[in-house]
Amino acid sequence: MNFAFNEDQDRLRDSAVRFLRDRVDLARLTAQGNRPDTTYDKTLWSEIVALGWTGLIVPEEYGGLGLSLVDWVVITEEFGRVLAPCPYLGNYAGTLALLRAGSTDQKETLLPQIVSGDAQAALAWSESEQSEDAHAVTATVRNGRLNGIKRYVIDADTATHLIVSARNTKGSLGLYVVARGDGVSIEPAPWMDITRRVCTVTFDNARAETMPMAFDDAWPWITDRVLLALASENAGGAESILRQTVAYANQRIQFGKPIASYQAIKHKCADMMMKVESAKALTYYCAWALAQGVAEGPLAASMAKSFTSDAYRFCTSEAIQIHGAIGFTWEMTVHLYFKRARANAVMFGNPAAHRERVIQLVTAA
Amino acid sequence: MDFELPSENDPRRRAVRAWCEAHPKPTGMELAKAGYVVPHWPRPWGLDAEPELQLIIDDELKRAGISRPNNPVAINNCGISLVLHGTKEQQDRYLWPALSGEETWCQLFSEPSSGSDLASLRTQAVLHGDHYVINGSKIWTSLAHKAAIGVMVARTNPGERKHKGLSTFIIDMHAPGVEVRPIDDMTGFPNEYNQCFFTDVHVAVGNRVGAEGDGWRISNAQLQTERVALAKPGAIWGTGPSARELVSGLHEAGALADPLVRQQAAELYIEGEILRLLKYRNLSDRMQGRPLGPESAVQKALSAPHGQRVMAMALEWMGPRGLLQREEPFAGQAREDGLSEELAGWSWGIWFSPAVTLGIGTTEVMKNVIAERLLDMPREDDPDVRKPWNETQQTRSAHERRIAS
C-alpha cells in the first residue's frame, strides 16, 4: 500500500506548478473596468500543446504520452489550482469520448491531431437547462445529418470537432463525431465563470459520423473520468483559495493584531483545510480506482464529484467572508474561484445527483 | 498510488498463519512472547515490525479468531514510555504482565482543573529521601477501577515553568492513599471513567520514569508512537457502529425509499469513506517512512463530529423507539468490527457520542492545532507559559476567589 505519488509524478507536478505560475495571469481578468467575455489565452494554450499536455492520457500509438489517470490528475489539479483559462477540460472531455467510443479509424485520424493541437475536441450532450439527464436527448441523426441544440458545451467555440449524443431514426441513443463546418453554429454563453468558455451549439443538417460503441457502454466510462477531472480541479482550487485566504488573514491587521490570530478566523481556516484534505484523499483514491479498473471506480467518481463540489463551494464562500468586503470586489481573484466552484458543482450532475448515485451503487450489491 | 494490502502468498503472512495454527488458543503470555501483542515495539516485547507486517498480524489474528489481551492503556498508550525511557528493572517488572494482560493499566493525566491545558496540572510529587509523596486528584481515568498499575504525570518542581516541572511515575493502584470513585456518566451504561484521589501516596524513586522534569516530553513522545491499525472502522473513536453499517441497516429496514434519507445517508457514507482513506494515507506515510502529513490531525478533527452525525441519524430514524433504554435500531446486524452489540452497540454509541468531541482533544483544540501547526497561523497566547508554575497558580486562585465571592 502506498498513498503517495511517485517521483515521476512529483516531477510532473513540479513542472506544471512552475509553468502555470509563470504563464497564468488572472490579474489580466480582474483589472478594473475590464469585464471580458473572451478570456482564453491563445499563447498559453499553444505552450500547453507544445508540452504534450493535450495527450497526457492518449496512448502512445496515437501520438500521446500514454500516462495513467493518476498522472493526469496531478496536472489537472494544478490547472484547477490556478484556474488556467484555456480549453484543457473541454478538450479532454471530447478526447475521452473518442478514446472510449471511437472506431479505430476515428481514433487514428483524430487523436494525433488533438495531441498536436491541429484539432480540438468538445463533448456536447446536455439539452436541458438543468444539465442532469444524459438520456433526455431529442437531437436526431437522419441519413448522416444531425439536427438539434446542445447546451453548456464546455470549450465548444475553440473546438474543431464535437462529440455529440443524438438519437437515430429508430430512437436509439448514440455518439457522433461532427466536424465544425456547415450546419454547426456555436454561440458562447454569457457565463459567470470567465475563466471558462461554455457555449450553446446548434446543429442544422450538420454532417455526423457514427461512433460504434453503444451509448450506455460508453457514457459511464467517459463521464466517470470527466468527474475525476472536475474533482481534481475542485481539490486544487479549494486548496489554492485556502492558501490565499490564510495569507490574507496573516497580513490583515484589525484591533492591533493580524485577523489570523483570532480563533474565529483560525477555526474557519481549519474547517477549510479539513475539507481540502478530504477532497484530495477522495480524488486521489478515485484516480487510482479508475486507473486500476477496480469495481469501486464509479462509486469513487460520484463520491469525489459530490464531496469536492461541496468542499470547493464551502471554501470559496468562507474565503470571501474572511477577506471581508475586499473579497467581494472584481479586482480580487476570490470571485473567480467562487464562480468556478459553482460552475463545476452543477456540470455533469450536481452533488445531490451524485449522492443519489452513491446510494444506488452502495445498495446494489 | 496503491491501495492494496500484502497478498495471500506473502511469506510474512504465511509465517504468522503457521504460528496461529500451532497455537489455536494462545494465552496472553504466549501472544506477548511471540511479539504479536505489540509487533511495532522493539524486541524482546515486539518484532520491530514495519507497518505492513503489523497489518498482516492484525489480519491473521482476526482470521484465526484470536484476540489480543485487553489492556489498551499499556498496549496502545503508556507502555511505550517504559520501553523508551524506563530502566531495565522497570521494564522487567512491568512490561510482560502488561502485555500478557495480567496487570491492567490506567493513565493518570487529566485533572479536574486541567483538561485541554494538561500542563497546568496540580497533582504534586514531593521527594522525601528514597520516595516521593503524592497528593492530588486525577479524573476521566478509564479502567482505574480495574487497574493494578497507573502511569501518572505529576508536578515535581512547582518553581519551574508549567511544562518543565513535570515527571512521570508508575503508581501501584492498590497502594495506601489511593481511592478510586466511579463516575456515572450520561449513557447509563456501567461506568467507563473514574476520579482518582491520592492522599500521601508513597512512590519509590525507582518508579519514576525518566529524569525529573521529563514528564511532558515523555507523554508527548508517547503520542507519536501509536500503533497503526486498519481494523477500527467504528464511528465512536474507532469502536461502535460505522457509517457503512448505518447505510446497510437503513437499506435493510427499507428506510432508503425516502429521498431525504437517501441524501443524508449518502453524505455520511462518503464522510466515512473519507476517514477510511485518511487513515490509509496516515498508514502509508508510516509504511514509507515519510513524516506524517496533515491528514493525521485532520482525521482526528473530522472523525469525532462524524461519529456524532452517524449516531444522530440513527436516533432520529428510530423515532420514539430510540428513547427506549438499550434499544438497537437494526435487529441482528452483523457488525463490521466483529464486536457484539452489547459491548459497543448503537444504543451505547448514541448516548456516548457527546463525549467524542471532548476526550483525546476537543474539536476546538484540534482546530487550533490545524490552524497553528499546519497552516502556520499565529499561536494562541498563553500568559502562563513563560512564568514559574506557582506564580500562575496565585493568579488562578485569585481569579477563582473572585468568582466564588
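Which residue is the bridge partner of B:His128 in β3(B)? In this predicted model, that partner is B:His131, and the first legend below places the pair in its setting.

**Figure 1. Strand β3 of chain B with its two antiparallel neighbours, β2(B) and β7(B).** Strand β2 (residues 124-128) of chain B pairs with β3(B) in the antiparallel sense through five bridges. B:His128 and B:His131 are bridge partners here. The two strands form a hairpin with two residues between them, and B:Gly129 takes a positive phi near 65° in this hairpin. β3(B) also pairs with strand β7 (residues 193-204) of chain B, again in the antiparallel sense, over eight bridges. Within that pairing, B:Lys138 has B:Cys196 in β7(B) as its bridge partner. Of the nine residues of β3(B) (residues 131-139), seven are buried, so the strand is largely enclosed by the rest of the structure.

**Figure 2. Strand β5 of chain A between its pairings with β4(A) and β8(A).** Strand β4 (residues 161-167) of chain A runs antiparallel to β5(A), and seven bridges join the two. A:Leu162 stands opposite A:Val178 of β5(A). Five residues lie between the strands in the hairpin of β4(A) and β5(A), where A:Gly171 takes a positive phi near 90°. A further antiparallel pairing, over two bridges, connects β5(A) with strand β8 (residues 209-210) of chain A. In β8(A), A:Glu209 is the bridge partner of A:Val177. Six of the seven residues of β5(A) (residues 173-179) are buried, so this strand is largely enclosed by the rest of the structure.

**Figure 3. An edge-to-face aromatic pair in chain B, formed by B:Trp237 and B:Phe352.** The count over all chains comes to 19 aromatic pairs. In the pair of B:Trp237 and B:Phe352, the ring centres are 5.6 Å apart and the planes stand at 75° to each other. B:Trp237 belongs to the loop between α6 (215-223) and α7 (243-252) of chain B, while B:Phe352 belongs to helix α11 (residues 346-352) of chain B, so the pair ties together parts that are 115 residues apart in sequence. B:Trp237 is partly exposed, at 31% relative accessibility. B:Phe352, at 4% relative accessibility, is buried.

**Figure 4. Aromatic side chains of chain A, in a cluster and beneath charged groups.** One aromatic cluster is formed by A:Phe19, A:Trp53, A:Trp72, A:Phe79, A:Tyr88 and A:Tyr92. Elsewhere in the chain, A:Arg225 lies over the face of A:Trp221, at 3.9 Å from the ring centre. A:Lys275 lies over the face of A:Phe314, in this case at 5.2 Å from the ring centre.

**Figure 5. B:Arg13 in salt bridges with B:Asp59 and B:Glu60.** The closest N and O atoms of B:Asp59 and B:Arg13 are 2.9 Å apart. This pair links distant parts of the chain, with B:Asp59 in helix α3 (residues 51-63) of chain B and B:Arg13 in helix α1 (residues 11-22) of chain B, 46 residues apart. B:Arg13 also forms a salt bridge with B:Glu60, the closest N and O atoms being 3.0 Å apart. B:Arg13 lies in α1 and B:Glu60 in α3 of chain B, so the pair ties together parts that are 47 residues apart in sequence. B:Arg13 has a relative accessible area of 3% and is buried. B:Glu60 is buried as well, whereas B:Asp59 is partly exposed, with a relative accessible area of 34%.

**Figure 6. A salt bridge between two helices of chain A, formed by A:Asp310 and A:Arg355.** Over all chains, the count of salt bridges comes to 48. The side chains of A:Asp310 and A:Arg355 meet at 2.9 Å, N to O. A:Asp310 is in helix α9 (residues 297-323) of chain A and A:Arg355 in helix α11 (residues 351-364) of chain A, so the pair ties together parts that are 45 residues apart in sequence. A:Asp310 is partly exposed, at 28% relative accessibility. A:Arg355 is buried, with a relative accessible area of 10%.

**Figure 7. The interface of chain A and chain B.** In this interface, 41 residues of chain A are in contact with 44 residues of chain B. The two chains bury about 4,200 Å² between them, 69% of it on carbon and sulfur atoms. Six salt bridges are counted between chain A and chain B. One salt bridge brings together the side chains of B:Lys367 and A:Asp271, at 2.8 Å from N to O.

Terms used. Residues numbered from 1 in each chain as written. Chains lettered and ligands numbered in written order. Predicted model: local features only at pLDDT ≥ 70, side-chain atom pairs only at ≥ 80, totals over all residues. Heavy atoms only, no water. Phe/Tyr/Trp six-rings, centres within 6.5 Å; stacked < 30°, edge-to-face > 60°. Helix = DSSP H or I, 4+ residues; strand = E, 2+ residues; numbered from the N terminus. Buried < 20%, exposed > 50% of the residue type's maximum accessible area, 1.4 Å probe, protein only. Lys NZ or Arg CZ within 6 Å of the ring centre and 35° of its normal. Pairing = 2+ DSSP bridges. Contact = heavy atoms within 4.5 Å. Buried area = accessible area lost by both parts, 1.4 Å probe. Salt bridge = Lys/Arg side-chain N within 4 Å of Asp/Glu carboxyl O.
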